[in-house]
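Please show me the model, and then let us go through how its features are read.

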Amino acid sequence: MAQDTPGKPEHDPKATASSPKPDKGVSLLHLTRVGTVDVPSLSTHSFTPPFPCDADSNIYYQDDLRAPAIHKLNSKGEEVALFQPGPNTDKKLDRGGNFAVSPNGDLYELVFPHELTRPVFVYKSDGTFKSVIKLDPGFIWFPSKIAVFSSGQMLVTGMEYDKDTTAEMWPFTGIFAGDGSLLKEVKLEDDETLRDMGVAGDSRVKEVGTPGNKAIDFGQIDVASDGNAYLMRWTNPAVIYAISPGGQVVRRLTIDPGDPNYYPRTLHAFGNRLAILFVQHESMEKIMKVVDLEGRDLSAYDETRRSEAGKSMLTSAFYCYTENPTRFLFLGANDQSMLQFWIVEPR
Amino acid sequence: MTVKRLSINAAFLFLMLLACRICYADGCWGYSNGDESECTGPHGCAKWYTVSYCDLGCTSGACNPVGNTRQCCSLIIHYAEIVPDGDRCPDCGNIRTHLKPRPHSNPHRSELLQGRSPGLIMLSPAVSYKPLELVDVFRGCDRAAAIVIDGGRTLSVEGM
């Protein structure tokens, strides 16, 4: 059933419509789908981050937070493990949440039971339940993104209440120990500005009729080979903080897609590089930028478009990034909504 | 015939009320936003949607986890709605006090604001408007002066 045909472009790479504006000397190639792997056991109509991929190129797909189940799929599209919080607790769960894979393969999932505690469920790589960690910063908050360091310490970001509980919430980021205690609050210098924008109702961070702050809610984190977590805010330009396991902000990077209408969808680290997928919010056009861990531009790729319809060829579900050769893995679906891996290379 | 129809209608109404009663729960709630999702559909349809969830928090009221509905391509999405009842939530957990930060203390602030100041009225994602601000009026014996400010910049000094 699985068909893997890397090396053969499925669409005319000359048929392109978008043009990122990379720095001088940066190559401008097109993201081209070169292979497809069917996942016949799963169907989908939507893609919601996180989009993690581990060192063995397994990907982790979560389809419905209200009936949370994370499917671990190998590179052939076969399900090799299933992570479910429901069977591992007596408590009523409101929903699942963001999750991350630790360097040793354990999976950490933010879970929302019907109580004020904010636990993390930890599973072994085969899906068996390992432990529960109660995140305890000492105040009520809404964690939204998690990353795990090799030490087992966690970087978690989210929002907390103002004393006036009807007022705009405050971003909060902290380093938590393996027992859930808060080791250090991480102050991120742009959070004040992002909250001010939220207070003002700035549509770049606020969506009409919804609470929260898009810059924080839609951000992503990945841990790179230097041991630091790279926390990205959903801003233009993308602001990325390199945060050490001890909670020091080592660097602040800004990655400019070259167009104010592109926002960062996700980032993945590979070696000493970061790949960031930017998506134009209206047209769904995409730009992939590859930078080093200092934020210097290495490559920029735009998207090969279907010449007849001008439709976007790729989804925004960017899961894996590898080099030698440069290759990206996206999730997509066929016309029958069957889940597929899309192997994408710059051509 | 009419009586039978009325009975059916009454039974339907009762079932609807019962269903609403089941899906609502009184308590103290807070919204948390999910990530942005991309839906896909026929003919290459691809769009964005965001959903909110009810988590326990500090807004007294009722949560209907499927009280809001939107469509994305051919996908119907239900998401949470909190209906506040105006009561207080005295035991909704500890809350920290945040001191108001110093304004403009971040050197990178302009990078994110991109020429727009918080307080703008956003007409569209890319177009914004800020009403001019009349900051002071000086009145002397026979003349008046006004300073008009635009986003912190003195635009005009009139009447002097």
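What follows is a dialogue on confidence, the interface, salt bridges, disulfides and the backbone.

Q: What should I know before reading the model?
A: This is a predicted model, in which local features need pLDDT of at least 70 and side-chain atom pairs count only at pLDDT 80 or more, while totals for chains, interfaces and linings use all residues. Residues are numbered from 1 along each chain as its sequence is written, chains are lettered from A and ligands numbered from 1 in the order in which they are written, and side-chain values use heavy atoms, with hydrogens and water left out.

Q: How do I read pLDDT, and where in chain B is confidence lowest and highest?
A: Where pLDDT is low, the predicted coordinates should not be read in detail. The score is the predictor's confidence in each residue, from 0 to 100. Chain B averages 71, with 52% of its residues at 70 or above. Its lowest mean, 47, is in helix α1 (residues 2–23) of chain B, and its highest, 88, is in strand β2 (residues 45–56) of chain B. Helices (H or I, at least four residues) and strands (E, at least two) are DSSP runs, numbered from the N terminus. Over residues 12–23 of chain B the pLDDT is below 50. For chain A the mean is 89, and 90% of the residues reach 70 or more. The model as a whole scores ipTM 0.88 and pTM 0.83.

Q: How is an interface described, and what area is buried between chain B and chain A?
A: The size of an interface is often given as the accessible area lost when the parts come together. Here it is taken with a 1.4 Å probe and summed over both parts. Between chain B and chain A about 5,300 Å² is buried, and carbon and sulfur atoms give 52% of that. W48(B), R96(B) and L112(B) supply 14% of the area that chain B buries against chain A, more than any other three residues. Counting contacts (heavy atoms within 4.5 Å), 61 residues of chain B touch 62 residues of chain A.

Q: What is a salt bridge, and how many cross the interface of chain B and chain A?
A: Side chains of opposite charge can pair when their charged atoms come close. The rule asks for a side-chain nitrogen of Lys or Arg within 4 Å of a carboxyl oxygen of Asp or Glu. It finds six salt bridges across the interface of chain B and chain A, and 23 over all chains. K145(A) and D35(B) form a salt bridge at 3.1 Å, N to O. Another joins R96(B) and E160(A) at 2.5 Å, N to O. This pair runs from the loop between β4 and α2 of chain B, where R96(B) sits, to E160(A) in strand β11 (residues 154–160) of chain A.

Q: How do I read a disulfide, and which parts does the pair C53(A) and C320(A) tie together?
A: A disulfide is a covalent bond between the sulfur atoms of two cysteines. With a cut-off of 2.5 Å between the sulfur atoms, the count is six over all chains. In C53(A) and C320(A) the sulfur atoms are 2.0 Å apart. The torsion about their S-S bond is about 105 degrees, so the disulfide is right-handed. C53(A) lies in the loop between β2 (46–47) and β3 (59–62) of chain A and C320(A) in strand β22 (residues 318–322) of chain A, so the pair ties together parts 267 residues apart in sequence.

Q: Which backbone angles deserve a look?
A: Most residues other than glycine have a negative phi, and most peptide bonds are trans. The peptide bond from P49(A) to P50(A) is cis, with omega near 10 degrees. S57(A), not a glycine, has a positive phi of about 65 degrees.

How values were computed. Buried area = accessible area lost by both parts, 1.4 Å probe.
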